[in-house]
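Open the model in your viewer and set it to a cartoon view. This tour goes from the whole chain to single side chains, one selection at a time.

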Amino acid sequence: MAIQWYPGHMNSARLKVAETMASIDVVIELLDARLPEASTNPMVRDLRLQRQRPCLKVLNKADLADPQVTRAWIDHYNRQDGVRAVALSCRRPGDVTRLPTLCQILAPHRNDNVKPLRMLIMGIPNVGKSTLMNVLLKRKIAKVGDEPAVTRSQQTSQLDIRHSITDTPGLLWPKIAYPSDGMMLAASNAVGRNAMIDEEVATFLAGLLLLRYPALLASRYGVPADELAALDAVGVIDRIARRRGLRRRGGDADLEKAAKVLLQDYRDGVLGRISLETPDTRAVMLASEAAKQLPPDRPEGGADAPAPAGTGSDEQAAAVPGALAPDTSPPLANRC
């Protein structure tokens, strides 16, 4: 199943953001720290580069992500021109209060009462934009909910005389290019319920966890490691159903309920600190997708074949996490 979700309000929100981009100084792009590139909206990059706006990439929900993987992503983003990255949890006020200072570094010319710093928050649905806004303002101004598409319109607020900030609705993009990205977004509750089938998404998640975090699965669901090693993704969901006593009428395991249990445990962080993609697995996936585009009569390593996007183990390739493209931002000029 290919995950696609682009309700009508997102197109009007995109057009409004394109207008607003002309009058802001720094884009604060919120990403899910568990899937930074899968949760990167390519439209955000296109819009900010059109206006040559620098970007502070905020890897939110870092308390739910694998810290070693998060450090690798921070290093990756900090090597890009016009980009600075930070990992935090928007639920921790001490983390959030650093953001205006970090944005100021990206726009040093907007640093007085005459030229206040104007920030724009962007990101996918349900990634924490409204929570960030409320924490920065120290009051509840933006509606928050544990579901996508809660915010439907822009809101601009003054932090103080030298800083203003605009919150925007969560934006996906019209076509998610890589199936694994759609699955990761669905697993992380960034798409509408009508765009996903829980069992299929949970099967994807179970397969990835078997490869990269089997110990967390074994611990959470009480399955011995040797027994877990003999299971496939569907077998994991079946075992969860049986361990939790989730059965249909007639005694069969209720895989639908077990799928929801696995997804909710991942979303709530009770499985442990999990990252669904790394820079290496991302590069492996991109190389695999590029190879699929080669004409059948052209050898993969031929002179005209694209250079590999990166290296990684067979295990990483099997995890199939999303796509990574180098930042080709033009030099950022001072603006008034």
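**Whole chain**

Start with everything shown. The chain has 14 helices and six strands. This is a predicted model. Colour by accessibility next: of the 336 residues, 53% count as buried. The accessible surface comes to about 15300 Å². Carbon and sulfur atoms account for 50% of that surface. For a contact map, take contacts between residues at least 6 apart in sequence; 72% of them join residues at least 24 apart.

**The sheet**

Hide the helices and keep the strands. In what order do the six strands lie? They form an open sheet in the order 3-2-1-4-6-5, and the pairing is mixed. Strand 3 (83-87) and strand 5 (155-160) are the edge strands, each pairing on one side only. From one strand to the next, the twist averages 25 degrees.

Select strand 1 (residues 26-32) together with strand 2 (residues 55-60). The two pair in the parallel sense over six bridges. Click Leu31: its bridge partner in strand 2 is Leu59.

Now step across to strand 4 (residues 117-123). Strand 1 pairs with strand 4 in the parallel sense, over five bridges. Here Ile28 stands opposite Ile121 of strand 4. Strand 4 also pairs with strand 6 (residues 163-167), again parallel and over five bridges. On that side, Met119 stands opposite Ile165 in strand 6. How many of the seven residues in strand 4 are buried? Six are, so strand 4 counts as mostly covered.

Bring back helix 3 (residues 67-78). Helix 3 lies across strand 1, strand 2 and strand 3. Its direction is at about 165 degrees to strand 3.

**Thr166**

Go back to strand 6 and select Thr166. Is Thr166 buried or exposed? Its relative accessible area is 5%, under the 20% cut-off, so Thr166 is buried. Expand the selection to residues in contact, leaving aside neighbours within four places in sequence. Thr166 touches Met119, Leu120 and Ile121, along with Met133, Gln154, Gln155 and Thr156. One of these deserves a distance label: the side chain of Thr166 makes a polar contact with the side chain of Thr156, at 2.8 Å. Add a second label to Ile24. Thr166 and Ile24 are 142 residues apart along the chain, yet their C-alpha atoms are separated by 8.9 Å.

**The nonpolar core**

Switch to side chains. In soluble globular proteins, nonpolar side chains tend to be buried together. The largest nonpolar core here has 93 residues. Which of them touch the most other members? Select Ile28, Leu99, Met122, Leu132, Leu185 and Leu262. Helix 8 (residues 198-212) supplies the largest share of this core, with eight residues.

Ile28 is already familiar from its place opposite Ile121. Zoom to Leu185 instead. Not counting residues up to four places away in sequence, Leu185 touches Leu35, Ala38, Ser39 and Ile124. Its contacts also include Leu172, Trp173, Ile176, Ala190 and Val191.

**Helix 7**

Widen the selection to helix 7 (residues 179-187). Eight of its nine residues are buried. They are Ser180, Asp181, Gly182, Met183, Met184, Leu185, Ala186 and Ala187. Show what they pack against: helix 8, helix 12 (255-268) and helix 13 (279-292).

**Two backbone stops**

Open a Ramachandran plot. Most residues other than glycine have a negative phi. Two residues to pick here go the other way.

Asn189 comes just after helix 7, with a positive phi of about 70 degrees. Asn189 sits in the loop between helix 7 and helix 8. At 10% relative accessibility, Asn189 counts as buried.

Lys138 has a positive phi of about 60 degrees, although it is not a glycine. Find Lys138 in the loop between helix 6 (129-137) and strand 5. Is Lys138 buried or exposed? At 75% relative accessibility, over the 50% cut-off, Lys138 counts as exposed.

Finish with both loops on screen: Asn189 is buried, whereas Lys138 is exposed.

Methods:
Residues numbered from 1 in each chain as written. Predicted model: local features only at pLDDT ≥ 70, side-chain atom pairs only at ≥ 80, totals over all residues. Heavy atoms only, no water. Core = buried A, V, L, I, M, F, W, Y, C linked by side-chain atoms within 4.5 Å. Buried < 20%, exposed > 50% of the residue type's maximum accessible area, 1.4 Å probe, protein only. Helix = DSSP H or I, 4+ residues; strand = E, 2+ residues; numbered from the N terminus. Contact = heavy atoms within 4.5 Å. Pairing = 2+ DSSP bridges. Polar contact = N/O pair within 3.5 Å; in protein donor to acceptor, adjacent residues only side chain to side chain. Areas by Shrake-Rupley, 256 points an atom, 1.4 Å probe, with all protein chains shown as cover. Axes fitted to C-alpha atoms, helices over the stretch in contact; angles between N-to-C directions.
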